[in-house]
Amino acid sequence: MSNTGTTSKNTPRAERRRWNGTDLGLIAVLAALVAGAALVPGLALNGFGVPITFQTLAVMLTGLVLGPARGFAAVGLYTILGLAGLPIFSQGRSGLGILAGPSAGYIIAFPIAAGVVGWLATIVIRRTTKARALWFFLAATLTSIVVVHTLGILGIALNSKATVEQAFLSDLVFYPGDIIKNLLAAAIAVALHRAFPDVLVRRVRRRGVAAESA
């Protein structure tokens, strides 16, 4: 009985919860991917100047590939570096001043979205091996609507003095592109999981087995 607390700290499951050098490297690489996607010139079709970029593709892909914690960390790292002054937001913007602009809600939503879609991805991996691309697409689309678009609309309404209805209508321009980007993110994520199952698939399965045995 006296050794229970000691051995539980050294179980394989506990060790897998700690991030190693590979995890930190993946977080850095995916943060750089999000930054690179933001630097691709976007189209400012939104009436409030919020551009259409490849950022949401990179954000969803990050969560689908890394899972909730590391996905959140990767996109969170990108967000912190941008707010700290690196010109890695869309159109080369940076700094805390972006939180006073119409893009604020989207910027804040990105790390949260990566975490949420990563959590949904782990559920998909645990429960099915079939039609995984479809489930990943649905997870990314649901996350986009509930997290990214909702916070984006609130950010536009708060920072541009527009009504929520006006902000909602302006946000609709992003939906066609999001569908395409979510399809791409899902397809790429499935391909990466097949090529590198240790990144998330085997990790999730091991944790599922450990939870059942506990």
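Me: Which residues can make a patch, and which residues make the nonpolar surface patch of about 460 Å²?
Reply: Patches are made of residues with over 30% relative accessible area and no salt bridge, and nonpolar side chains are joined within 5 Å. This is a predicted model. Here the nonpolar patch covers about 460 Å² of surface, and its makers are Phe72, Leu96, Leu99, Ile108 and Ile112.

Me: Is isoleucine 108 buried, exposed or partly exposed?
Reply: Isoleucine 108 sits in helix α6, residues 104-127. Partly exposed means between 20% and 50% relative accessible area. Isoleucine 108 has 46%, so the class is partly exposed.

Me: How far apart in sequence are aspartate 23 and arginine 70?
Reply: Aspartate 23 forms a salt bridge with arginine 70, with the closest N and O atoms 2.8 Å apart. Aspartate 23 is in helix α3 (residues 21-39) and arginine 70 in helix α5 (residues 68-84). The pair links distant parts of the chain, at a separation of 47 residues.

Me: Which residues are linked with Asp23 in a network of salt bridges?
Reply: Aspartate 23 also meets arginine 203 in a salt bridge, at 2.8 Å from N to O. Arginine 203 lies in helix α10 (residues 201-213), so this pair ties helix α3 to a part 180 residues apart in sequence. The network links Asp23 with Arg70 and Arg203.

Me: Is arginine 203 buried or exposed?
Reply: Buried means under 20% relative accessible area. Arginine 203 has 12%, so the class is buried.  Aspartate 23 at 1% counts as buried, and arginine 70 at 3% is buried. For arginine 203, then, the answer is buried.

Terms used:
Residues numbered from 1 in each chain as written. Predicted model: local features only at pLDDT ≥ 70, side-chain atom pairs only at ≥ 80, totals over all residues. Heavy atoms only, no water. Patch = residues over 30% accessible without salt bridge, like charges linked within 9 Å, V, L, I, M, F, W, Y side chains within 5 Å. Areas by Shrake-Rupley, 256 points an atom, 1.4 Å probe, with all protein chains shown as cover. Salt bridge = Lys/Arg side-chain N within 4 Å of Asp/Glu carboxyl O. Helix = DSSP H or I, 4+ residues; strand = E, 2+ residues; numbered from the N terminus. Buried < 20%, exposed > 50% of the residue type's maximum accessible area, 1.4 Å probe, protein only.
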